[in-house]
Amino acid sequence: MLDTILGAHEKIPVYAEGELYRIIRLHDHTFHLYYGYYEDCERENPAIDPMPIYPDFLKNPQHTSDGFPFVTKMQDACQHYKGNKDRFSECAECEYYAHGDELLGICVCPQNRLKPTTENHLDREDLV
Ligand code: SF4
């Protein structure tokens with residue numbers, strides 16, 4: 001009875017790989033997040049259920065129309081990290097991290113911002 005009241009018998013739903021987790025609209029971008037695995041070894045481990053997969057912006061950079069790079073909270077810090085370096089080395093701990101939605105945000109570091117080369121064109125070669 002107490003278990004029922006506390007919900008101890010409720011099963012946590014397990015989502016299948018490839019199922020849509022959420023659609024996040026942030027600035028002028030739309031991100032479709034699906035359940036999956038970050039590593040093949042996770043897929044082979046029966047104790048690990050599919051999890052929401054966030055974009056890898058280090059591999060595939062994306063920017064707002066103003067030139068600010070999208071980052072995830074768990075992204076490895078870059079050379080322009082500002083904050084307590086002894087604590088963590090992820091974007092979430094950096095003073096330049098601007099929270100967006102869930103684990104997505106943007107980096108407002110002026111060094112990482114794409115510089116416009118013409119009025120409406122951003123030069124990707126200026127990426128740090
Ligand atoms: S400057 Fe930007 S990319 Fe670098 S650690 Fe901070 S938030 Fe992340």
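# Contacts, strands and a ligand shell

Mentor: Take the contacts in the protein chain between residues at least 6 apart in sequence: 37% of them join residues at least 24 apart.

Trainee: What makes two residues a contact?

Mentor: Their C-beta atoms, placed from the backbone, lie within 7 Å. The model is predicted, and local features need pLDDT of at least 70, side-chain atom pairs count only at pLDDT 80 or more, and totals for chains, interfaces and linings use all residues. Residue numbers start from 1 along each chain as its sequence is written.

Trainee: What counts as a helix or a strand here?

Mentor: Both are DSSP runs numbered from the N terminus: H or I over at least four residues for a helix, E over at least two for a strand. The protein chain has two helices and eight strands, and from the N terminus the order is α-β-β-α-β-β-β-β-β-β.

Trainee: How do you know that β1 and β2 pair?

Mentor: Pairing requires at least two bridges found by DSSP. Strand β1 (residues 20-26) and strand β2 (residues 29-36) have six, in the antiparallel sense, so they count as paired. One position in this pairing is Ile-23, opposite His-32 in β2. The two strands form a hairpin with two residues between them, and His-27 in the turn has a positive phi of about 55°.

Trainee: Which strand pairs with β2 over three bridges?

Mentor: Strand β3 (residues 51-53), again in the antiparallel sense. There, Gly-36 stands opposite Met-51.

Trainee: Why is Glu-19 called exposed?

Mentor: A residue is exposed if 12 or fewer other C-beta atoms, placed from the backbone, lie within 10 Å of its own, buried if there are 20 or more, and partly exposed in between. Glu-19 has 12 and is therefore exposed. Its place is in the loop between α1 (2-6) and β1. Not counting residues up to four places away in sequence, Glu-19 touches Tyr-34 and Tyr-35. Glu-19 and Gly-36 are 17 residues apart in sequence, with 8.1 Å from C-alpha to C-alpha.

Trainee: Why does Ala-77 fall into another class?

Mentor: Ala-77 has 19 C-beta neighbours inside 10 Å, so it counts as partly exposed. Ala-77 is in the loop between β4 and β5. Leaving out residues up to four places away in sequence, it touches Ser-89, Glu-90, Cys-91 and Cys-94. The C-alpha atoms of Ala-77 and Cys-91 are separated by 5.2 Å, although the two are 14 residues apart along the chain.

Trainee: What share of the 128 residues is buried?

Mentor: In the protein chain, 16%.

Trainee: What makes a set of residues a nonpolar core?

Mentor: They must be buried Ala, Val, Leu, Ile, Met, Phe, Trp, Tyr or Cys, joined through C-beta atoms within 7 Å. The largest such core has eleven residues: Phe-68, Phe-70, Val-71, Cys-91, Cys-94, Tyr-96, Tyr-97, Leu-104, Ile-106, Cys-107 and Cys-109. β4 and β6 each supply at least two of them, and β6 gives the most, with three.

Trainee: What does Leu-104 touch?

Mentor: Ile-24, Leu-26, Phe-31, Tyr-54, Phe-70 and Thr-72, with residues up to four places away in sequence not counted. In the pairing of β4 and β6, Leu-104 is also the bridge partner of Thr-72.

Trainee: How are β4, β5 and β6 arranged?

Mentor: They form an open sheet in the order β4-β6-β5, with antiparallel pairing. β4 (70-72) and β5 (97-101) are the edge strands, since each pairs on one side only. β4 and β6 share three bridges; β5 and strand β6 (residues 104-107) share four. On the β5 side, Ala-98 has Ile-106 as its bridge partner and His-99 stands opposite Gly-105. The hairpin of β5 and β6 has two residues between the strands, with Glu-102 at a positive phi near 50°.

Trainee: Which residues surround the ligand?

Mentor: Those whose C-beta atom, placed from the backbone, lies within 6 Å of it: Val-71, Ala-77, Cys-78, His-80, Tyr-81, Cys-91, Cys-94, Tyr-96, Tyr-97, Cys-107, Cys-109 and Asn-112.

Trainee: How many of the residues around the ligand are nonpolar, polar and charged?

Mentor: Ala, Val, Leu, Ile, Met, Phe, Trp, Tyr, Cys and Pro count as nonpolar, Asp, Glu, Lys and Arg as charged, and the others, Gly among them, as polar. By that rule the shell divides into ten nonpolar, two polar and no charged.
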